[in-house]
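Subject: Structure handover

Hi,

Here is the structure I promised to pass on. Please open it beside this message and follow along.

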Amino acid sequence: MIWVLDITMLLFLVVCAIAAISIKDLLSAVIILSGYSLIMAIVWVEMHSVDVGFTEAAVGAGITTVLFIATLARTEGRSED
Amino acid sequence: MTGALLFGTIGMVDVFLAMAILIVMASFVSLYRGIEGPGIFNRIIAVNVIGTKTIVLLVLIGFIYERPDFFDIALVYAILNFIMTIAATRY
Amino acid sequence: MSDTTTITNVITVVFLLTGAFFMLAGTIGFVRFPDFYSRMHATGKCDTLGEGLMLVALIVYGGATFVSVKILFLIMFILLANPTSTHAIAKAAYDVGLEPWRKLDDRVEWMNTGDTSDTGNISNTGNSGEGRADQDRGEGR
């Protein structure tokens, strides 16, 4: 495991998570979450676990994001809080 | 630079490593714009850019570890990134 | 070590460096450009090219195995998919009403006096665009 890459990846994840929370616009939060799962798949691959990385990649970008966007299409796109 | 090459594969792994770190730095920079971006569309491009970068990163890591089964993930990611962008623009 | 490996290594390193250079140029362009469309302009092109170069380098390094064929498919797909997705975003942004940035002299009337935060009043086109986007989205949906 290349620890330099790992640390930057995990830092990336933390920044993504904080950004996803603090953003008012829901659609942007959803997109940042899909970026989050993108990097998560890299971290799995980094740790030699290929199948988990595979499912994370397929689920993260493929299903969750599309479902989130579908729900957003129905509800209001901006959070009140 | 030439010294690393003369040793053949010994030098090459570090080259891949350096490239991987370079790409991670570049995706960090584009993440900054992704979070800063005024509108939604800047963020869509940011994720698109990071997606393309991670594909190259995946292939590089596949080469660093000399395990050939990483490239399917890169392929899947190429398709998913495209689908994600189309889904985001459809809304 | 026969000298052929060093030659392939040299080729891969050269391709890798040029690919990385293009990618970095695209990223810097993505961050620095004032307006949405110019940013997309930078990333769409540079990333696809940087990607292609680096993967070609890896093909050269990988030799004639199944791996290289897979990477070839990857390159082909990305060369197809990236421009189309950039186009889709551009069309979507244009429909919502995100105006492209013009030079400072002919100011558009709905440009509100945004905060001149970093580069003079260039940045206010960004949020004014968004302002307009929300307004349109309200009517549109």
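Below is what I found, chain by chain and then residue by residue. Keep in mind that this is a predicted model.

**Chain A**

Chain A has three helices and zero strands. Read from the N terminus, its elements run α-α-α. The chain has 81 residues, and 51% of them count as buried. Its C-alpha trace spans about 45 × 25 × 10 Å along the principal axes. The accessible surface of chain A is about 4,000 Å². Carbon and sulfur atoms account for 76% of that surface. Now take the contacts in chain A between residues at least 6 apart in sequence. Of these, 62% join residues at least 24 apart.

**Chain C**

Chain C holds four helices and zero strands. From the N terminus on, the order is α-α-α-α. Here 43% of the 141 residues count as buried. The accessible surface of chain C comes to about 7,500 Å², with 69% belonging to carbon and sulfur atoms. The contact figure can be given for this chain too. Among contacts in chain C between residues at least 6 apart in sequence, 58% link residues at least 24 apart.

**Where chain C meets chain B**

How many residues does each chain bring to the contact between chain C and chain B? Chain C brings 46 residues, and chain B brings 46 residues. About 4,100 Å² is buried between the two chains. Carbon and sulfur atoms give 80% of that area.

Polar links can be counted as well. Two residue pairs are in polar contact across the interface of chain C and chain B, both at pLDDT 80 or more. On the chain C side, four helices each supply at least two residues: α1 (3-32), α2 (36-62), α3 (66-96) and α4 (124-140). Which helix gives the most to this side? That is α3(C), with 15 residues. Sorted by class, the side of chain C that touches chain B has 28 nonpolar, 11 polar and seven charged residues.

**The salt bridge**

Search the whole structure, over all chains, and you find one salt bridge. Its partners are the side chains of Asp47(C) and Lys53(B), at 3.1 Å from N to O. Why does this pair join two chains? Asp47(C) lies in helix α2 of chain C, while Lys53(B) lies in helix α3 of chain B, so the link runs from one chain to the other. As background, side chains of opposite charge can pair when their charged atoms come close.

Are the two partners buried or exposed? The cut-off for buried is under 20% relative accessible area. Asp47(C) has 2% relative accessibility, so Asp47(C) counts as buried. Lys53(B) has 1%, so Lys53(B) counts as buried too.

**Three residues to look up**

Start with Thr52(B). This residue sits in helix α3 (residues 40-64) of chain B. Thr52(B) counts as buried because its relative accessibility is 5%. Set aside its neighbours within four places in sequence. Thr52(B) then touches Asn81(B) in chain B, and Asp47(C), Glu51(C) and Asn82(C) in chain C. You have already met one of these: Asp47(C) is a partner in the salt bridge.

Next is Thr89(B), in helix α4 (residues 71-90) of chain B. At 10% relative accessibility, Thr89(B) counts as buried. Leave out neighbours within four places in sequence, and its contacts are Ala88(C), Ile89(C) and Ala92(C). How far is Thr89(B) from Ala74(B), C-alpha to C-alpha? They are 15 residues apart along the chain, and 23 Å separates the two atoms.

Last comes Ser68(C), which belongs to helix α3 of chain C. Its relative accessibility is 8%, so Ser68(C) counts as buried. Beyond neighbours within four places in sequence, Ser68(C) is in contact with Ile59(C), Gly62(C) and Gly63(C). The C-alpha atoms of Ser68(C) and Pro34(C) are separated by 39 Å. Along the chain, these two residues are 34 apart.

**Where to start**

Begin with the pair Asp47(C) and Lys53(B). Then move to Thr52(B), which is in contact with Asp47(C). After that, look along α3(C), which gives 15 residues to the side that touches chain B.

Best wishes

Terms used. Residues numbered from 1 in each chain as written. Chains lettered and ligands numbered in written order. Predicted model: local features only at pLDDT ≥ 70, side-chain atom pairs only at ≥ 80, totals over all residues. Heavy atoms only, no water. Contact = heavy atoms within 4.5 Å. Buried area = accessible area lost by both parts, 1.4 Å probe. Polar contact = N/O pair within 3.5 Å; in protein donor to acceptor, adjacent residues only side chain to side chain. Nonpolar A, V, L, I, M, F, W, Y, C, P; charged D, E, K, R; others polar. Buried < 20%, exposed > 50% of the residue type's maximum accessible area, 1.4 Å probe, protein only. Areas by Shrake-Rupley, 256 points an atom, 1.4 Å probe, with all protein chains shown as cover. Salt bridge = Lys/Arg side-chain N within 4 Å of Asp/Glu carboxyl O.
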